[in-house]
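Okay, thanks everyone for squeezing me in. I'd like to walk you through the open and closed spaces in this one, and then the ligand.

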Amino acid sequence: MTPTLLSALTTSAVGGPAGKFVAARTEAEIIEAVRTADAAGEQVLTVSGGSNLLVSDDGFPGTVIKIASQGFTVNAEDSCGGVAVVVQAGHNWDKLVEHAVRHAWSGIEALSGIPGSTGATPVQNVGAYGADVSQTIAAVRTWDRERNAVQTFTNSELKFGYRDSILKQTTVNGSPRYVVLTVEFQLPLGRMSAPIRYAELARSLGVEVGQRAYANDVRREVLRLRASKGMVWDAADRDTYSTGSFFTNPIVAVDVADKLPESAPATRRARTGW
Ligand SMILES: Cc1cc2nc3c(=O)[nH]c(=O)nc-3n(C[C@H](O)[C@H](O)[C@H](O)COP(=O)(O)OP(=O)(O)OC[C@H]3O[C@@H](n4cnc5c(N)ncnc54)[C@H](O)[C@@H]3O)c2cc1C
């Protein structure tokens, strides 16, 4: 049988053959695939959108599990508490953002255009343009490979930081200990965005940092800014093939930040948190 090439599963279109390949389309199939590979002592690579992975031409000798679960369920929706939506791990992130903006679910519009799956977003606390998913995630349901049991984390238990979370910090045999099954978001209802925290985005929207704008304008401007930097992945355009940024932004103390030139792009955060 022809082996599955990781190049077909990654946004860089690079990567050699998988030892074994399983496509898991439901939560039960994900658990079953992970359990089986772990019980056999095989190395495991979970791949979702393949947009944050660089795989060598030698490929991966163990089991590659493609997280392909789809869809979401609205558990609650009211003007007071907003929307509680539980999203399957394999569901495309930008499709969720697009749906949210169209249905006046506020809070994730500045995260438009980030490729990959919803289940991967809490792993590195995906973020851009002054927003990140820790601001709206209520809970993450996972499969704990060490305890062979389902484990649900609340927002505070996820220990979110800048491009970081407990899900990124913990591994078993070289791959994530906790395999994300679903992510629950709590999103306020309304056509207005969350406050704009990024100067470049605020400028392009014609608002001050800290003000709100219409969420669909925010999505449009974020997609435009990202496209101008080659940061919107497009299967039809090989020039956009990449794994995004290879660096994270430096974090500097306030006294150092105060000496930066006005033109330096920066996001200000309180010393104590996000
Ligand atoms: C053009 C471009 C722009 C980007 N812009 C941004 C940006 O603005 N901000 C940002 O934060 N990132 C950005 N990224 C990086 C990337 O899109 C995100 O990190 C995204 O969340 C990765 O999702 P994925 O489904 O593609 O993950 P994959 O690449 O499939 O996996 C990434 C890692 O997460 C693990 N993983 C995947 N799914 C699961 C799961 N269900 N449970 C546990 N672990 C899992 C994998 O094992 C792997 O270690 C960009 C990438 C590209 C190509």
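So, the lining of the second largest pocket takes at least three residues from domain 1 (6–67), and at least three from domain 2 (72–187) as well. Keep in mind that this is a predicted model. The space in that second largest pocket comes to about 420 Å³. What sits closest to its centre? Out of 24 lining residues, that would be Gly49, Asn92, Pro115, Gly116 and Trp233. If you want to find the pocket by secondary structure, look at strand E3 (60–67) and helix H2 (93–102), the elements that give two or more residues to its lining. As for chemistry, the lining of this pocket splits into 12 polar, 9 nonpolar and 3 charged residues.

Right, on to the ligand. There are 29 residues around it, and the ones that come nearest are Thr46, Ser48, Ser51, Gly127 and Arg226. The shell also draws on both domains, with at least three residues from domain 1 (6–67) and at least three from domain 2 (72–187). Which strands should you look at here? Strand E2 (44–47), strand E6 (127–128) and strand E12 (178–187) each put at least two residues into the shell, and E12 gives the most, with 3. By class, the shell around the ligand has 14 polar, 13 nonpolar and 2 charged residues.

Let me zoom in on some contacts. Serine 51 has a side-chain N or O atom 2.6 Å from an oxygen atom of the ligand. With asparagine 52, the backbone takes part: one of its polar backbone atoms is 2.8 Å from a ligand oxygen. Proline 115 also uses a polar backbone atom, at 3.0 Å from an oxygen of the ligand. And how much of the ligand gets covered? On its own, the ligand has 980 Å² of accessible area, and the protein covers 92% of that. Proline 115 may ring a bell, by the way: Pro115 was on the list of residues closest to the centre of the second largest pocket.

Last stop, the closed space. With a cut-off of 30 Å³ or more, the count is 1 cavity. The volume of the largest cavity is about 80 Å³. It's lined by 13 residues, and Ala110, Ala131, Ala194, Pro195 and Arg197 are the closest to its centre. In the lining of this cavity you get 8 nonpolar, 3 polar and 2 charged residues.

That's my tour, so over to you for questions.

Methods. Residues are numbered from 1 along each chain as its sequence is written. This is a predicted model: local features need pLDDT of at least 70, side-chain atom pairs count only at pLDDT 80 or more; totals for chains, interfaces and linings use all residues. Side-chain values use heavy atoms; hydrogens and water are left out. On a 1 Å grid over the protein atoms alone, a cavity is a set of points where a 1.4 Å probe fits but cannot get out, and a pocket is an open set with protein on both sides within 12 Å along at least five of seven lines; lining residues have an atom within 4 Å of a point. Grid points are joined across faces, edges and corners, and a volume is the space filled by probe spheres set on the points. Ala, Val, Leu, Ile, Met, Phe, Trp, Tyr, Cys and Pro count as nonpolar, Asp, Glu, Lys and Arg as charged, and the others, Gly among them, as polar. A residue is near a molecule or strand if one of its heavy atoms lies within 4 Å of it. A polar contact is a pair of N or O atoms within 3.5 Å; within protein, one must be able to donate a hydrogen and the other to accept it, and residues adjacent in sequence count only if both atoms are side-chain atoms. Accessible areas come from the Shrake-Rupley method with a 1.4 Å probe; for residues, only the protein chains shown count as cover. Helices (H or I, at least four residues) and strands (E, at least two) are DSSP runs, numbered from the N terminus. Domain bounds come from an automatic or database domain assignment.
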